[in-house]
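Got your viewer open? Let's take a walk through this chain, one selection at a time.

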Amino acid sequence: MKFKENLRFLRRTNNISQDELAEKLGYKSFTTVQKWEDGTSFPKVSNLNKIASMFNVELDDLLNVDLTCEKVAVPIIGEVKAGYDMYADQNIMGYEYLNNSEYKAGEYFYLKVKGDSMINDRICNGDMVYVKKQDYLNKNDIGVFLIDDNEVTVKRYDPHKDSITLKGANPKYKNRTFDLDKVKILGKVLHLKVNL
């Protein structure tokens, strides 16, 4: 049983105090969480399910897998519009956990997609794209872009000599072309987690 170690690890990784976790679970004091973490008490099944859902881990992993050494926390840093009218949001919403075997050296993050402009690339509303932070792409790579320092979008990359065209994957939306100084590449989309 790895629950107490995993709970402490997940709580600290997500910058949640024992008080805050207790409050989220409907307790008036942190002492219940403290007892779970020191192993002198154990939560009800309903609370175990809430904790697993809150930290986006499988219940079996929460109970039986040592997440502190076998998993890597990858931040979800906000939502990204699969369109053109959402402002950049760098707030960390939570974390996804990858096995070390899935994780490669570098800086990675998840972004939650809103909108339907990439549906023909199977990137749908509510999906999370897994992004490697980098400032370059090859033609036709799917990337995350910051436009005019205030708008973030997921699109296909089509560079030209003096401009960049960002291409959607839905005929309802037109491609858009920008001067080079108007678009910053934030990263390359490597895969996605489908919203079920």
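**The whole chain**

Start with everything selected and a surface switched on: the accessible surface of the chain comes to about 11000 Å², and 46% of that belongs to carbon and sulfur atoms. Accessible areas come from the Shrake-Rupley method with a 1.4 Å probe, and for residues only the protein chains shown count as cover. Keep in mind that this is a predicted model, where local features need pLDDT of at least 70 and side-chain atom pairs count only at pLDDT 80 or more, while totals for chains, interfaces and linings use all residues. Residues are numbered from 1 along each chain as its sequence is written, and side-chain values use heavy atoms, with hydrogens and water left out.

Now switch to cartoon view. You'll find 6 helices and 9 strands; these are DSSP runs numbered from the N terminus, with at least four residues for helices (H or I) and at least two for strands (E). Of the 196 residues in the chain, 45% are buried. Buried means under 20% relative accessible area, exposed means over 50%, and partly exposed is in between (1.4 Å probe, protein chains only).

**Stop 1: helix 4**

Select residues 45-54, which is helix 4. Which residues are buried here? Colour Asn-47, Leu-48, Ile-51 and Ala-52 to see them. They sit on the same side of helix 4, because they cover an arc of only 140° around the axis (the arc is that of the directions from the helix axis to the C-beta atoms). Add helix 1 (3-13), helix 3 and helix 5 (59-64), which are among what covers those buried residues. Before you leave, click on Asn-56: just after helix 4, Asn-56 takes a positive phi of about 55°.

**Stop 2: Glu-37**

Next, show Glu-37 as sticks in helix 3 (residues 31-38). Is Glu-37 buried or exposed? Its relative accessibility is 3%, so Glu-37 counts as buried. Look for its side chain joined to the side chain of Gln-18 by a polar contact of 3.0 Å. A polar contact is a pair of N or O atoms within 3.5 Å; within protein, one must be able to donate a hydrogen and the other to accept it, and residues adjacent in sequence count only if both atoms are side-chain atoms. Leaving out residues up to four places away in sequence, Glu-37 touches Lys-4, Leu-7, Arg-8, Arg-11 and Gln-18 (contact means heavy atoms within 4.5 Å).

**Stop 3: strands 6, 7 and 8**

Select strand 7 (residues 163-167): 4 of its 5 residues are buried, so strand 7 is largely enclosed by the rest of the structure. Add strand 6 (residues 151-159), which runs antiparallel to strand 7 and is joined to it by 4 bridges; two strands pair if DSSP finds at least two bridges between them. The two form a hairpin with 3 residues between them. Zoom in on Pro-159, whose bridge partner in strand 7 is Ile-164. Which residue of strand 8 is the bridge partner of Ile-164? That's Phe-178. Strand 8 (residues 176-179) is antiparallel to strand 7, again with 4 bridges.

While you're here, pick Thr-153 in strand 6. At 0% relative accessibility, Thr-153 counts as buried, and its side chain makes a polar contact of 3.0 Å with the side chain of Lys-155.

**Last stop: strand 9**

Finally, select strand 9 (residues 183-193), joined to the antiparallel strand 4 (residues 128-133) by 6 bridges. Met-128 has Lys-193 as its bridge partner. Strand 5 (residues 142-147) also pairs with strand 9 in the antiparallel sense, over 5 bridges, and Phe-145 has Ile-185 as its bridge partner.
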